Amino acid sequence: MLVVGGVHLGQAEDLPSLREQALAAVNADRKTHGLGSLSLSANLNEAAQHHADDMLERNYFEHASPEGEMVDDRYAAAGGPAWHLVAENLAQCSGCAGPVDQSRIQELETGWMNSPGHRANILRQGLNQFGFGLATKDDKLYAVQTFAGPGRPIGLQPNEQPEAVTPDEADHLALERINAVRSGQGVPPLQASDALTQVALSLLPDDPSGDFTFVPDDMAKALPADQQEAWAAFSASTAGCGGCGAVPMDVDIRYFTNQWLENPENGGALLSPSMTHLGFAMAANGDGRKLAMAVLGQER
């Protein structure tokens, strides 16, 4: 018997097999609904097992530990990427004597699929990894499913299918969207500026996974020498998101521009009649983190 902190988990050689069975059950349900399969993740297995053991040892049944830790915290502690979308399903069974076998794994999966919230996690798009934890003692059983992936763009409308965009397409969509709002308020349209787009690109980090701090003074420094005297004023807006997809999408432009337009300070700059040109750029780390920057300029 494998014993962790006094919790009997069944035979040690069974747990890897049970995880494979749990993965197969999840992937079968995802395939039925036209979704891609998930793969086992050591980080997610560790996070799931930690929570299953902890709930059994301390006799509680919640997504939050007594100290307030959630699945995101457990995943990060296990080494999971900071910007992943993470989800968790829990199950508890009393009177579940006997060894855990494939039929028990399928019973757990069926129960989760028959519960709307748990089903939504199993069938969520934007996931690509799976973990499973199991803790049993006497006739009690705790099971944990964990999920992670880069996620999908924020603010998707029902039945909306996002499309990947090139940097030029993203720049054009941002300009088009902001000008539509400026037009509605009787403000002259902004013009596209390759120079300002290059400024935005140079200020965004190559890898947006870490913290990003924007320094306004860096805008002028990022301009090519032959552009230094072309502008009377600058303004910039930045935004970021996590668990919002692997690559830049058309709907990301809507999300970021809405964030700016709904903010009095950023919106005031984007709609200012004195601003004449716009540059826009996005960065994505492929693992759920995206950053965007709009640079406004007043041409002399």
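**View 1. An aromatic cluster built from Tyr255, Phe256, Trp260 and Phe280.** In this predicted model, these four residues come together as one aromatic cluster. A search through the whole structure turns up six aromatic pairs. One pair to zoom in on is Trp231 with Phe234, which is tilted, with 6.4 Å from centre to centre and 40 degrees between the planes. Back in the cluster, Trp260 and Phe280 meet edge-to-face, at 6.2 Å centre to centre with 70 degrees between the planes. Trp260 belongs to helix α9 (residues 250-261) and Phe280 to strand β9 (residues 277-284), so this contact ties together parts that are 20 residues apart in sequence. Are these two rings buried or exposed? Trp260 is buried, because its relative accessible area is just 1%, under the 20% cut-off. Phe280 is buried too, with a relative accessible area of 2%.

**View 2. A closer look at the tilted pair, Trp231 and Phe234.** Here the question is how much of each ring's residue is covered. Trp231 has 6% relative accessibility, so it counts as buried. Phe234 has 26% relative accessibility and therefore counts as partly exposed; the partly exposed class sits between 20% and 50%.

**View 3. Strand β6 with β4 and β5 as its partners.** Strand β6 covers residues 140-149, and nine of its 10 residues are buried. Which strands pair with β6, and in what direction do they run? Strand β4 (residues 85-94) is antiparallel to β6, and 10 bridges join the two. Strand β5 (residues 129-137) also runs antiparallel to β6, joined by nine bridges. If you're tracing side chains along a strand, remember that in a regular strand they alternate between the two faces of the sheet.

**View 4. Lys140 and the hairpin of β5 and β6.** Lys140 is a handy spot to park the camera. Within β6, Lys140 is the bridge partner of Lys137, and Ser94 stands opposite Lys140 as well. What sits between the strands of the hairpin? There are two residues between β5 and β6, and in this hairpin Asp138 adopts a positive phi near 55 degrees.

**View 5. Arg289 over the ring of Trp83.** This last close-up shows a charge and a ring. The charged end of Arg289 sits over the Trp83 ring, 3.9 Å from the ring's centre.

Conventions
Residues are numbered from 1 along each chain as its sequence is written. This is a predicted model: local features need pLDDT of at least 70, side-chain atom pairs count only at pLDDT 80 or more; totals for chains, interfaces and linings use all residues. Side-chain values use heavy atoms; hydrogens and water are left out. Buried means under 20% relative accessible area, exposed over 50%, partly exposed in between (1.4 Å probe, protein chains only). Helices (H or I, at least four residues) and strands (E, at least two) are DSSP runs, numbered from the N terminus. Two strands pair if DSSP finds at least two bridges between them. Rings of Phe, Tyr and Trp (its six-membered ring) pair if their centres lie within 6.5 Å; planes under 30 degrees apart count as stacked, over 60 as edge-to-face and the rest as tilted. A charge sits over a ring if NZ of Lys or CZ of Arg is within 6 Å of the ring centre and within 35 degrees of the ring normal.
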